[in-house]
Amino acid sequence: MNQLAPFVRILGRGPGRSRNLTAEEAQEAMAIILRGECAPEAVGGLLMLMRYRGEEPQEIEGFVRAFRATLPEWQGDRPALDWPTYAAGRSRGLPWFLLSARIVAMAGHSVLLHGWNSYQAEGADVRSALPFVGIPMAADYADANHLLAEGQIAYLPLENFAPQALALLKLRDVLGLRSCINTTCRVMNPAEAPAQVQGVFHPPYLTLQAEASALLGQPQLSVLKGGGGEFERNPAKPIALHGLRDGQLWNGMANPILDVHQRLSETDTPHEAEYLTKFWEGTHQDPYAEAIVLGTAAVALETVGAAADGQGLALAQDLWAKRSATVTA
């Protein structure tokens, strides 16, 4: 029954004998987990050994390929931009990046957000904020495709397309630590959009996620250390960018927009989701929040090819000035 044991032995045989998994081994190991052909103790052992050793790009590649093999076939046009949102924690403020994603959709580039978030304060909760920013939630793959065709943007909950991934993420509550499943979900790009943005909390994951995406053949990608681990940039300091351009590893820099010293959570806006609507409609003003939204949108627009690298801010500002006066979903 426990077909996962050989892979646990590879990772944990001891000094001088253990090693990381190859891409093929990682794909086979995850396929075994997804088929339920292993003991739950072996799953925890595998994930914690990978955490202890440090996950490698080829292991994330293998896990993603195993998950993608279980997904339904995407029907119709693929989204232009994949935007994962898997951050956890109570320290961040409102999810301003959702408005950044809307700006990209305004430019005519369809955006598929997907994710699951835990341990978030009420005001920072991504799903609770969706109605206030005019982003509909999809029931499944087919519904996501329909919503993208209608309004260029949709949010697809993880449990609605990969419930087994959610079950593995929730092992954090049992094991007390995150696992490489968090990285896998960020890299997964379930609809295989040609462009993707990713956020990280810990800097070493900048290159890890970029390298794993390169192994998967991802053409365009931008990864940054963002608020709470989301793809959301601080406009008050230079932000290192990692990722891919035409499939090749790439590094860039997003220059400061404002000369202030503030954290992303230190806006002048109360941490209540209704203020996202007021901010979009122009009845609430917050220059720092505006810089967060436009700075984040700028990098996303550059990633999707709407603007050259370093030139996205002007386009984001122009789109912001032309935004609709109301929020609808």
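## Leu158 and the largest nonpolar core

In this predicted model, Leu158 is in contact with a set of residues beyond its neighbours within four places in sequence, namely Tyr86, Gly115, Trp116, Arg127, Pro163, Ala165, Leu166, Leu169 and Cys185. Leu158 also belongs to the largest nonpolar core, which has 50 residues, and together with Leu4, Met30, Leu46, Phe63 and Phe161 it touches the most other members of that core. The elements that give two or more residues to this core are the helices α1 (5-12), α2 (23-35), α3 (40-53), α4 (57-68), α7 (141-151), α8 (163-169) and α10 (180-187), along with the strand β3 (153-157).

A second core, separate from this one, is made up of 47 residues, and among them are Trp96, Ala105, Ile239 and Leu319.

## An annotated span

According to an unreviewed UniProt entry, residues 14-69 are covered by the annotation "domain: Glycosyl transferase family 3 N-terminal". In the model this span is 70% helix and 0% strand, and the C-alpha atoms at its two ends lie 32 Å apart.

## Two buried alanines in loops

Ala138 is found in the loop that runs between α6 (126-133) and α7, and with a relative accessibility of 1% this residue counts as buried. When residues up to four places away in sequence are not counted, Ala138 touches Asp143, Ala144, Leu147, Tyr155, Leu156, Pro157 and Asn160. The C-alpha atom of Ala138 is separated by 9.9 Å from that of Phe161, a residue 23 residues apart from it along the chain, and Phe161 is one of the core residues that touch the most other members.

Ala193 lies in another loop, the one between α10 and β4 (195-200), and at 2% relative accessibility Ala193 also counts as buried. Leaving out residues up to four places away in sequence, Ala193 touches Pro79, Ala80, Leu81, Asp82 and Gln218. Ala193 and Leu112 are 81 residues apart in sequence, while their C-alpha atoms are 8.5 Å apart in space.

## Residues with a positive phi

Most residues other than glycine have a negative phi. Glu192, however, has a positive phi of about 55 degrees although it is not a glycine. Glu192 lies in the loop between α10 and β4, and its relative accessible area of 42% makes it partly exposed.

Asp246 is another residue other than glycine with a positive phi, here near 55 degrees. Asp246 is found in the loop between β6 (239-245) and β7 (248-254), and with a relative accessible area of 64% this residue is exposed. A positive phi, near 90 degrees, also occurs at Gly282, the residue that follows α12.

## Helix α12 and its surroundings

Helix α12 spans residues 274-281, and within it Tyr275, Leu276, Thr277, Phe279 and Trp280 are buried. The buried residues of α12 pack against four other helices, which are α5 (97-106), α6, α13 (287-304) and α14 (312-321).

## How helices cross

The axes of α13 and α14 come within 8 Å of each other and cross at roughly 120 degrees, which means that α13 is oblique to α14. The crossing of these two helices is right-handed, and the contact is made by residues including Glu290, Val293, Leu294 and Ala298 of α13 and Leu313, Leu315, Ala316 and Trp320 of α14. For α5 and α13, the axes also come within 8 Å but cross at roughly 45 degrees, and so α5 is oblique to α13. The crossing of α5 and α13 is right-handed, and here Phe97, Leu99, Ser100, Ile103 and Val104 in α5 meet Ile292, Val293, Leu294, Thr296, Ala297, Ala300 and Leu301 in α13.

The axes of α10 and α11, a helix of residues 204-215, lie 10 Å apart, and the two helices pack at an angle of about 55 degrees. These two helices are therefore oblique to each other, and α10 passes α11 in a right-handed crossing. In this pair, Thr183, Arg186 and Val187 in α10 meet Tyr205, Leu208, Gln209 and Ser213 in α11.

Definitions and conventions: Residues are numbered from 1 along each chain as its sequence is written. This is a predicted model: local features need pLDDT of at least 70, side-chain atom pairs count only at pLDDT 80 or more; totals for chains, interfaces and linings use all residues. Side-chain values use heavy atoms; hydrogens and water are left out. A nonpolar core is a set of buried Ala, Val, Leu, Ile, Met, Phe, Trp, Tyr and Cys residues joined through side-chain atoms within 4.5 Å. Buried means under 20% relative accessible area, exposed over 50%, partly exposed in between (1.4 Å probe, protein chains only). Contact means heavy atoms within 4.5 Å. UniProt positions are given in the numbering used here, feature names are shortened, and annotations may be inferred rather than shown by experiment. Axes are lines fitted to C-alpha atoms, for helices over the stretch in contact, and angles run from 0 to 180 degrees between N-to-C directions. Angles under 35 degrees count as roughly parallel, over 145 as roughly antiparallel, 65 to 115 as roughly perpendicular and the rest as oblique. A crossing is left-handed if the near helix is turned anticlockwise from the far one by less than a right angle, and right-handed if clockwise.
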